[in-house]
Amino acid sequence: TIGLAARLHDIGKVAVPDAILNKPGRLTDEEWRVIRLHPQVGADIAGRIPRLRPISPLIRSHHERYDGTGYPDRLASDAIPLGARIICAVDAYSAMVTDRPYAAPRTPQQAIDELRRLAGAQFDPRVVQALVNELDANDPPDPPKTTATGRQPPSTRTLTPAQGNSR
């Protein structure tokens, strides 16, 4: 269910003009008002399709913030469905590491640092930790490289928490 909701969470953006979605600069207050409607529009779309009805609350709540300052309903903490909290963190990570019209991509480490910085405010701290653990588990070390002399250069990879060094 969360996977399906994650794939469809921005379906409400069909109601947002491309000029707003692809705008390279800052949005006006009116453009932000239009953007902020997409979770409700998406939830309405999903709610009209029997198979998608169960994910409608996740779509509606994916822009809620853990501290209660999100939209559309200003839900906080555990009042936000867990699936929506997961989608929020994963979508933010994806947005940060992807080239966007309005922002250059960050490195995975920069994105993780930002998620951690906003844990407890924008993101559920438990979800952030679970996401970081999952990213670490799926980021195996690069294979050893050799120099022209056939020696391996010193490692520059950051150790994961499981290896004794937190990111």
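**Helix 6, the pocket and the cores of a predicted all-helix chain**

The largest share of the lining of the largest pocket comes from helix 6, which gives five residues. The model is predicted. The pocket has a volume of about 1,200 Å³. It is lined by 34 residues. Closest to its centre are Trp32, His63, Ala95, Tyr102 and Gln122. Helix 2 (18–21), helix 3 (29–35), helix 6 and helix 7 are the elements that each give two or more residues to this lining.

The chain has eight helices and zero strands. Its pattern along the sequence is therefore written α-α-α-α-α-α-α-α, with helices numbered from the N terminus. Of its 167 residues, 29% count as buried. Contacts between residues 24 or more positions apart make up 46% of the contacts with a separation of 6 or more.

The largest nonpolar core has 14 residues. Tyr93, Leu115 and Phe123 have the most contacts inside this core. At least two of its residues come from each of helix 6, helix 7 and helix 8. Helix 6 gives the most, with five residues. Leu115 illustrates the packing. Beyond four places in sequence, Leu115 touches Ala89, Ala92, Tyr93, Met96, Phe123, Val128 and Leu131. Another core, of nine residues, lies apart from the largest one. Leu58, Ile59, Ile80 and Ala84 are among the residues of this other core.

Helix 8 covers residues 125–137. Its 13 residues should span 18 Å at 1.5 Å a residue, and its end C-alpha atoms are 18 Å apart, so the expected and modelled spans agree. The N-terminal end of helix 8 is capped by Asp124. A side-chain oxygen of Asp124 lies 2.8 Å from the backbone nitrogen of Arg126. Buried in helix 8 are Val127, Val128, Leu131, Val132 and Asp136. These buried residues pack against helix 6 (82–97) and helix 7 (108–118).

One cavity of 30 Å³ or more is present in the structure. The volume of the largest cavity is about 30 Å³. Its lining consists of Glu64, Arg65, Tyr66, Ile80, Arg85, Cys88, Gln122, Phe123 and Asp124. Several residues of this lining recur elsewhere in the description. Phe123 is one of the residues with the most contacts inside the largest core. Asp124 is the cap of helix 8. Gln122 is among the residues closest to the centre of the largest pocket.

Arg65, in the cavity lining, is found in the loop between helix 5 and helix 6. Its relative accessible area is 25%, so Arg65 is classed as partly exposed. The side chains of Arg65 and Thr69 are joined by a polar contact of 2.9 Å. Leaving aside neighbours within four places in sequence, Arg65 is in contact with Gly70, Leu75, Ala76, Ile80, Ala121 and Gln122. Leu75 is ten residues from Arg65 along the chain, and their C-alpha atoms are separated by 7.1 Å.

His62 lies in the loop between helix 5 (56–61) and helix 6. His62 counts as buried because its relative accessibility is 1%, under the 20% limit. A polar atom of the His62 side chain lies 2.6 Å from the backbone oxygen of Ile59. Ile59 is one of the residues of the nine-residue core. Residues up to four places away aside, His62 touches His9, Asp10, His38, Pro39, Ala84, Ile87 and Cys88. Of these contacts, Ala84 is listed in the nine-residue core, and Cys88 lines the largest cavity.

Glu31 is found in helix 3. Helix 3 is one of the elements that give two or more residues to the lining of the largest pocket. Glu31 has 17% relative accessibility and therefore counts as buried, the limit being under 20%. Beyond its neighbours within four places in sequence, Glu31 is in contact with Ile20, Lys23 and Arg26. Val16 is 15 residues from Glu31 in sequence, and the C-alpha atoms of the two are 9.0 Å apart in space.

Definitions and conventions
Residues are numbered from 1 along each chain as its sequence is written. This is a predicted model: local features need pLDDT of at least 70, side-chain atom pairs count only at pLDDT 80 or more; totals for chains, interfaces and linings use all residues. Side-chain values use heavy atoms; hydrogens and water are left out. Helices (H or I, at least four residues) and strands (E, at least two) are DSSP runs, numbered from the N terminus. The expected span of a helix is 1.5 Å times one less than its number of residues. Buried means under 20% relative accessible area, exposed over 50%, partly exposed in between (1.4 Å probe, protein chains only). Contact means heavy atoms within 4.5 Å. A polar contact is a pair of N or O atoms within 3.5 Å; within protein, one must be able to donate a hydrogen and the other to accept it, and residues adjacent in sequence count only if both atoms are side-chain atoms. A nonpolar core is a set of buried Ala, Val, Leu, Ile, Met, Phe, Trp, Tyr and Cys residues joined through side-chain atoms within 4.5 Å. On a 1 Å grid over the protein atoms alone, a cavity is a set of points where a 1.4 Å probe fits but cannot get out, and a pocket is an open set with protein on both sides within 12 Å along at least five of seven lines; lining residues have an atom within 4 Å of a point. Grid points are joined across faces, edges and corners, and a volume is the space filled by probe spheres set on the points.
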